[in-house]
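Me: Could you walk me through the reasoning behind some of the labels used for this model? I would like to see each value set beside its cut-off.

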Amino acid sequence: MHSEHIGSFYSAQLGDRRIHPELVGGFHSQIGIVGGGFAGLTAGIELLKRGRSVVLLEAERIGWGASGRNGGFVSAGFAEGMDAIEAAVGLEDAKKLYKLSQEGVSYVRRTLEGEGAATLIEGHGWLKVQRHKGADALKRRQEKMATHYGVDLDFWETDQLKSKLKTDRYFHGLHNPEPFHMDPLAYAEILLEKFLRLGGIVHEETRVLSLKRNGASWRINTAHGCVSCEHVVLATSAYGVLNQTYYPVDRTMQPVATYVIASEVLGERLRGAVDFGGCVADTRRAGDYYRTVEGGERLLWGGRITTRRSEPKRLAELLKAQILQIYPQLGDFRVDFAWSGLMGYSRTKMPLIGELKPGLWAVTAFGGHGLSTTAMGGEVVAKGIAEGDDTWRLFNAFGPVWAGGSIGRLAVQAEYIRLQALDRFEEARSGRAG
Ligand SMILES: Cc1cc2nc3c(=O)[nH]c(=O)nc-3n(C[C@H](O)[C@H](O)[C@H](O)COP(=O)(O)OP(=O)(O)OC[C@H]3O[C@@H](n4cnc5c(N)ncnc54)[C@H](O)[C@@H]3O)c2cc1C
């Protein structure tokens with residue numbers, strides 16, 4: 001039986017394609033990439049463009065991990081906020097890092113356009129909405145993004161916000177016109193096609209079991225084969241931890257689950273509630289993120305992060321109840337798709353990018369902000385390998401650091417519960433508990 005994508009709104013749109021068969025036997029390639037999400041695919045494309053031979057090994061199917069099942073929001077920045085990044089590396093390096101993430105956004109847009117797939121972009125703009133009163137924090141953020149990073153965000157008063165999002169749960173918002181959203185699984189397929197066209201070799205259903213240093217080269221071992229190569233690129237994220245791929249990298253990450261649902265076709269009912277075609281996310285530490293899809297016909301809504309890997313029963317009902325707290329006018333609706341995915345978080349919430357040992361590279365741990373940053377990370381690592389470029393050293397300050405194993409997992413869960421309580425307190429204080 002072939003490995004299948006999980007059931008999701010995205011996989012339901014995907015046509016059939018042949019599976020790229022499992023690796024059997026021993027091969028040599030200049031580069032071996034482990035993990036067929038955006039990070040591995042982009043690194044592979046950029047290495048092929050620079051004349052390297054590349055084999056990519058994926059345990060399931062290309063795009064099967066977080067890359068093919070996320071919210072689809074493409075925006076600059078990182079899973080960690082810019083305040084914390086500035087505190088860690090200083091303003092000048094924080095500016096360089098932010099600029100790299102902006103280049104990641106441009107990379108995705110350029111790739112879609114270059115592959116004749118610009119129509120995959122389903123909407124533009126990002127509204128960050130606040131569920132409690134008080135404009136100071138948003139105004140400070142607006143000011144900082146303008147002065148430090150040259151990003152102009154529009155501050156939206158309650159009335160302007162209400163004209164687009166028909167709810168009395170939001171008080172203020174910041175609008176950024178730059179981000180956009182897309183079908184991420186379709187994007188993974190586009191990257192795959194480009195990778196193959198450039199001469200890359202892909203083996204799906206090929207789980208990497210171990211990596212061994214072998215003189216000046218590396219040997220990647222799978223159940224029925226092996227690849228010897230000069231450079232290995234590990235792009236396995238949270239699923240790499242589950243697969244026990246390579247302990248020194250796995251130990252730097254906590255797998256954190258998040259959940260998404262897509263409604264039935266709601267049409268006018270939805271447009272009467274959400275009259276905004278871009279991305280929406282609230283400012284809470286563990287908030288909701290959503291967008292309309294299929295030309296505004298369905299609502300795609302994500303939220304509820306947890307380090308528990310089993311899917312909570314009644315997930316669809318839980319998220320639906322949250323939606324109805326915000327938009328009660330939607331009334332009862334059917335949830336057509338509900339799914340979950342794992343994000344890989346390092347302790348610093350920053351990606352692990354760079355050369356860990358001679359010839360062993362990581363491009364991983366993008367957390368919940370991976371659509372632009374995997375593109376950036378893939379390119380940075382490819383330039384590091386092929387051109388000796390040392391941009392990747394900007395990430396030295398963030399890793400690799402042990403993420404705490406099962407105790408770390410409990411700590412992340414406890415922190416999430418604490419943050420949820422803080423969010424509720426702030427809302428209650430502004431007279432909007434819920
Ligand atoms: C539900 C959800 C919503 C999200 N929403 C957003 C969003 O809207 N915007 C945003 O920017 N980010 C979002 N993210 C985060 C984003 O999806 C990830 O950061 C990004 O996709 C990570 O890409 P990756 O290539 O590093 O990892 P993945 O896409 O997880 O790919 C890793 C791949 O490695 C493979 N693998 C693992 N171990 C092995 C092994 N031993 N051998 C071979 N292959 C192996 C896995 O099978 C997997 O396919 C979301 C994530 C989730 C889960």
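Reply: Happy to; what follows takes one strand and its partners, then the ligand, in a predicted model.

Me: What makes strand 4 and strand 12 count as paired?

Reply: Pairing needs at least two bridges. Strand 4 (residues 121-130) and strand 12 (residues 279-282) share four bridges in the parallel sense, so they pass that cut-off. As an example, K128 has A281 as its bridge partner in strand 12.

Me: And why are strand 12 and strand 13 called paired?

Reply: Strand 12 and strand 13 (residues 289-293) have two bridges, in the antiparallel sense, and at least two are required, so the label applies. V280 has its bridge partner Y290 in strand 13. The two strands form a hairpin, with six residues between them.

Me: How do you know that both faces of strand 12 are covered?

Reply: C279 and A281 on one side are buried, and so are V280 and D282 on the other. Buried here means under 20% relative accessible area.

Me: Now the ligand: what makes the approach of G367 a polar contact?

Reply: The pair must be N or O atoms within 3.5 Å. A backbone N or O atom of G367 lies 2.8 Å from a ligand oxygen atom, so the pair qualifies. A polar backbone atom of F73 is 2.9 Å from a ligand nitrogen atom, and one of A39 is 3.1 Å from a ligand oxygen atom; these distances also satisfy the cut-off of 3.5 Å.

Me: How much of the ligand does the protein bury?

Reply: The protein buries 98% of the 1000 Å² that the ligand exposes when taken alone.

Technical notes
Residues are numbered from 1 along each chain as its sequence is written. This is a predicted model: local features need pLDDT of at least 70, side-chain atom pairs count only at pLDDT 80 or more; totals for chains, interfaces and linings use all residues. Side-chain values use heavy atoms; hydrogens and water are left out. Buried means under 20% relative accessible area, exposed over 50%, partly exposed in between (1.4 Å probe, protein chains only). A polar contact is a pair of N or O atoms within 3.5 Å; within protein, one must be able to donate a hydrogen and the other to accept it, and residues adjacent in sequence count only if both atoms are side-chain atoms. Accessible areas come from the Shrake-Rupley method with a 1.4 Å probe; for residues, only the protein chains shown count as cover.
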